[in-house]
Amino acid sequence: MADTPNDTLGLTRPGPSNAPKINFVAKDIDALEWSGDLVAVGVIEKDVERDEEGHFKNPLLHRLNEALGGLLGEASSEEEFSGKSAQSIVLRVSGMRFKRVGLFGLGQSASRAVAFVGLGEAIAAAAQASRAASLAVVLAFSEDLSDESKLDIASAIAVGIVNGIFDDNRYRSDPKMTLLESVNVLGLGSGPDMEKKLEYAEYVSSGIVFVKELVNSPANVLTPGELAEEVSKIAEKYNDVLSAKIFKEDRMIELKMGSYLGVTAAATANPAHFIHLCYKPPCGPVLTKLGLVGKGITFDSGGYNLKTGPNSSIETMKNDMGGAAAIFGAAKAIAQLKPPGVEIHFVVPACENMISATGMRPSDIVTASNGKTIEVNNTDAEGRLCLADALFYTCNLGVEKIIDLATLTGACIIALGPSVAGAFTQNEDLAKEVIDAAERSGEKIWRLPMEESYWESMKSGVADMINTGPGQGGAITGALFLKQFVADNVQWMHLDIAGPVWNARKRIATGFGVSTLVEWVLKNAS
């Protein structure tokens, strides 16, 4: 984070980043020969089955148990460890090259990236609890895996470990530093392809950490201007492939962004910043142009339709810029990966949604940059008003495909719960591209219908449309509203990430979206 002025509300300034600095190396050595703090063994339920004499049938577990004098078998029996998903057991051992050994369950089978990301997170928690500086990861069933799947599995585990070990302590008075420094991946192969895959995981993880730091930052620190400053710093760091334009109010007026300006122009002391970050490959022709658009409300009070009551979640509304954070995290990863043949435009209309005597009122009519008029029947549906102008702007850049990410509706959380994003598109090819990318990355996305008949409920008596429909199907009507600002010749998907952007139990950001976006961009690169 850039330094904040001394008169910032509460005089709060973030401390230094605690982004993990972990060296991932793949090695072809036996787990029993490895020296370090913790050997973490991923197992499925079949791996912990015993023979008639009570010995593990799995060769690795059998050898580990023999070397430990039967301790592994005894402890797993006493603690009823059966390899079920999320089960784990960690033992302190003596007489070995390593200090601890742990078994981590993956369930009946493990083939999806989400399982291995989760494994990495569980291993990271154990490493943190045992204050390990070094660990080795090995799968008891690695001999059953294809060479291609081993690469993807190693990458997913690495991303999970960084996810799990990262502790955003910039706002604590007595921050604890991360101890984990090195991770060896055993039994999944080595060589240039594996090195490249682990490097990929490192870049993606750096983007996820960046997202978490942005979303975790309070609104008295991360204002729209501060968000623009953070993006400018990323563009400067990777200036061989990134460039940034930051528009202020005068330029927004020139571009006729009345929908966006209606939310922000007269309602807050922190002015809006329209952010356009562009990636261009370092060499070779551009064959594909992509757009990524993110909702960037750095705090959402609801405006005159104020968020009130115990279930309003106003205290978490610093995360209403989670879509913006996700695309900028993806930009950071992409700038390091440098995919060829693809130009990417990252566009965010950043602002606050506050209350003011001069602010937007229910029943006001705003005019978007494509000329369409919107009767504002709810000031707490402000994100779509900002995205309307951002989507139209992005279409005019000549992109072929757009994905927008937004913490748009509580309705999507009700429909899909807190862990799954809702995907809306009428383009079958784009739907397959993005859902496949999510599957490869270990993020959860579910496609929901674009039910056109619901648009009737969005008609205004005095303008072209209203900005919210009836209570039913709110995630769908939100997507239908955004569709009005996308050109017919552009493939477009809306991702409602209101649920998975935030871990309500831990009260922290998740970094959701980066992994899927990076996978999608790479598939579109030449």
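**Notebook: a small sheet, a cavity and a confidence check**

I started with strands S12 and S13 (residues 373-375), which run antiparallel and are joined by three bridges. This is a predicted model, so I come back to confidence further down.

For one residue pair across these strands, I looked up Thr367 and found Thr373 of S13 opposite.

Next I asked which strands make up the sheet and in what order. I found an open sheet of three strands, ordered S12-S13-S17, and the pairing is mixed. S12 (365-367) and S17 (465-466) are the edge strands; each has a single partner strand, so one side of each is left without a neighbour in the sheet. A reminder to myself: strands of a sheet pair through backbone hydrogen bonds, either parallel or antiparallel.

Then I turned to empty space. How many cavities of 30 Å³ or more does the whole structure hold? My search found one. For the largest cavity I noted a volume of about 40 Å³.

I also listed what lines the largest cavity: Val263, Ala267, Gly303, Tyr304, Asn353, Met354, Ser356, Gly359, Met360 and Thr379. Sorted by class, this lining comes out as five nonpolar and five polar residues, with no charged ones.

Last, confidence. The chain has a mean pLDDT of 96, and 98% of its residues reach 70 or more. Where does pLDDT stay under 50? I found that stretch at residues 2-6, for which the model has 14 contacts beyond four places in sequence. Where pLDDT is low, the predicted coordinates should not be read in detail. I will therefore leave those contacts uninterpreted, with pLDDT under 50 over residues 2-6.

Key: Residues numbered from 1 in each chain as written. Predicted model: local features only at pLDDT ≥ 70, side-chain atom pairs only at ≥ 80, totals over all residues. Heavy atoms only, no water. pLDDT = per-residue confidence, 0-100. Contact = heavy atoms within 4.5 Å. 1 Å grid on protein atoms, 1.4 Å probe; cavity = no way out; pocket = protein on both sides within 12 Å on 5 of 7 lines; lining within 4 Å. Points joined across faces, edges and corners; volume = space filled by probe spheres on them. Nonpolar A, V, L, I, M, F, W, Y, C, P; charged D, E, K, R; others polar. Pairing = 2+ DSSP bridges. Helix = DSSP H or I, 4+ residues; strand = E, 2+ residues; numbered from the N terminus.
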